[in-house]
Amino acid sequence: GKNATPALLQEFSLQMEPQDPVLPAGRSLLVNCSTSCPHPELITLETSLPKEVIGEDQGWAAFRLSNVTGDSKIFCSAFCNGSQMTSSSNITVYRFPELVELDLLPPWQPVGENLTLQCHVWGGAPRAQLTLVLLRGEEELSRQPAVGEPAEGTATVLAGRGDYGANFTCRAELDLRPRGLGLFQNTSAPRQLRTFVLPMAPPRLVAPLSLEVGTSWPVACTLDGLFPVSEAQVQLALGDQMVNPAVTIHGDTLRATATVIARPLPQIRQSLELLAWRLETSREQAFLGPILNLSETNVTEGSKVNVSCTAGPRVQVMLDGDLARAPGEPAQLQVTATEGDDGRYFFCNAILEVDGEVLHRNVTVQLRVLYGPKIDPAKCPQRLAWKDRTSHILQCEARGNPVPQLQCLHEGSRREVPIGTPFLVKLHHNGTYHCQAVSPRGTYTLLVVMHVQGNILIGVLVILGVVTAIVALICIFGKQTRSGFYHVNQQDTSLHLRPVQPKEAVELEQS
């Protein structure tokens, strides 16, 4: 134990099992504290978690910790020959990610342009062992640690023809192999990408300039350099007469042919024109998502923050669940920053309908609020009554942004008492303590009164021992010198000595 004497450290020890356990959130944990000390006293388990004693005997005690939902540090404590021994263990709680999602890909991506992939992961712990991996098929594009909530991972790829039809996924990896467990993976639903290349030249139409009424003539429309050519749709028309063409494909070349019959028209001359050829890539490409602006992202407590969400024409936006008045108009709100807004995420959603398909884009921005240090009295008791030479933990927490430093100092001696770790309470700890939370934004002080109760029986035994020792020394001294005998007047606590007569000396010596 840290507080035992060096001799006890070598001869006796205090063990805790299991050491540094890893368990799923919400589970129970059995903890055993045992010692090699032959006559230990007061084997206890110090923890902020709910606990119950499930068994104990000479040299050991077993405890059950229930509903363990977060990382925690626990301490075993025992006394051996009047000295304290302690042992500690770190509990690590793990959670699998609740949701792994890869953001929507554009309906069509031009070849030769960069595509940014974004992945979001909600939940998962411990974060130090959580990694985000973006994949194209089985090819790993990026690997990043999980930071923030939700954690976000990005990767940029140069779209090519080979990416047409490729599946992209995001995978969250919780690696607990260093802690004796396995590698746990959770993969998002795949997103399929479609890439395209538009031809540099317009379609070539081959048709006669004039036709005799009632005669037929072949027409042809050719388009070169189109990818993917299998996705192209071609329409031919003579005036208001639609023609069903036969389409053939050779490489990146598309050719549509049809036979038209000339009919009487009011005009002297008719011209055959290509009314439309349409690719599915004609869907609106400019819808890149909303723009979410905060007047300031780092503010002090009490400041006004203006939030606005905008997008392009015909786009309906929604800010934190509130719709804008009409499509194309911004959504706005104003908040007065409080400490509760520190770390708050503002969420903007944009909705656009194109050709009967509803497209969504989302964006979030986080607000940071600076506020002074505070100590919650509910988490820092102001009056403590402890007994001398017992082990306790002073529980006290402070909050603030930036995070404050917390210490508790004795009002007179300025002696610091540890916070959050067990220590041996002694009489000199009695008194009033100034618990101060300090940050660049100020100081917050809370008074804590610690009343340490001494052991009355030990004090009485010490006084009796001193009196007995003094009487014994006087008797021994009188026998050695023989120069005179003295009688102790026990009615007077100041121990006045007077000479005794020979007769009294004989009686005293006989007694």
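Two aromatic rings of Phe, Tyr or Trp (its six-membered ring) count as a pair here if their centres lie within 6.5 Å, with planes under 30 degrees apart called stacked, over 60 edge-to-face and the rest tilted. By this rule the count comes to 7 aromatic pairs.

Before we get to the rings, some ground rules. The model is predicted, so local features need pLDDT of at least 70 and side-chain atom pairs count only at pLDDT 80 or more, while totals for chains, interfaces and linings use all residues. Numbering runs from 1 along each chain as its sequence is written, and side-chain values use heavy atoms, with hydrogens and water left out.

**Confidence**

pLDDT is the predictor's own confidence in each residue, from 0 to 100. The chain averages 81, and 80% of its residues reach 70 or more. Strands (DSSP runs of E, at least two residues, numbered from the N terminus) mark both extremes: confidence is lowest in β24 (residues 272–278), at a mean of 36, and highest in β39 (residues 431–439), at 95. Over residues 266–286 the pLDDT is below 50, yet beyond near neighbours in sequence this stretch has 53 contacts in the model, a contact being heavy atoms within 4.5 Å. Residues 502–511 also sit below 50, with 5 such contacts. Where pLDDT is low, don't read the predicted coordinates in detail.

**Ring pairs**

Here are two of the pairs, both involving Phe184.

| Pair | Centre distance | Plane angle | Class |
|---|---|---|---|
| Tyr94 and Phe184 | 6.2 Å | 15° | stacked |
| Phe96 and Phe184 | 4.8 Å | 55° | tilted |

Tyr94 lies in strand β8 (residues 83–102) and Phe184 in strand β15 (residues 183–187), so that pair links parts of the chain 90 residues apart. Phe96 is in β8 too, and its pair with Phe184 ties together parts 88 residues apart in sequence.

Buried or partly exposed: how do these residues score? Buried means under 20% relative accessible area, exposed over 50%, and partly exposed in between (1.4 Å probe, protein chains only). Tyr94 is buried at 12%, whereas Phe184 is partly exposed at 28% and Phe96 is partly exposed at 45%. Elsewhere, ring pairs link Trp108, Tyr164, Phe196 and Phe227 into a cluster.

**A sheet**

Two strands pair if DSSP finds at least two bridges between them. One open sheet has 5 strands in the order β33-β40-β39-β36-β37, with mixed pairing. β33 (383–387) and β37 (416–417) stand at the edges with a single partner strand each, so one side of each has no neighbour in the sheet. β33 runs parallel to β40 (residues 442–453) over 5 bridges, and Trp386 stands opposite Val452 in β40.

Key. Helices (H or I, at least four residues) and strands (E, at least two) are DSSP runs, numbered from the N terminus.
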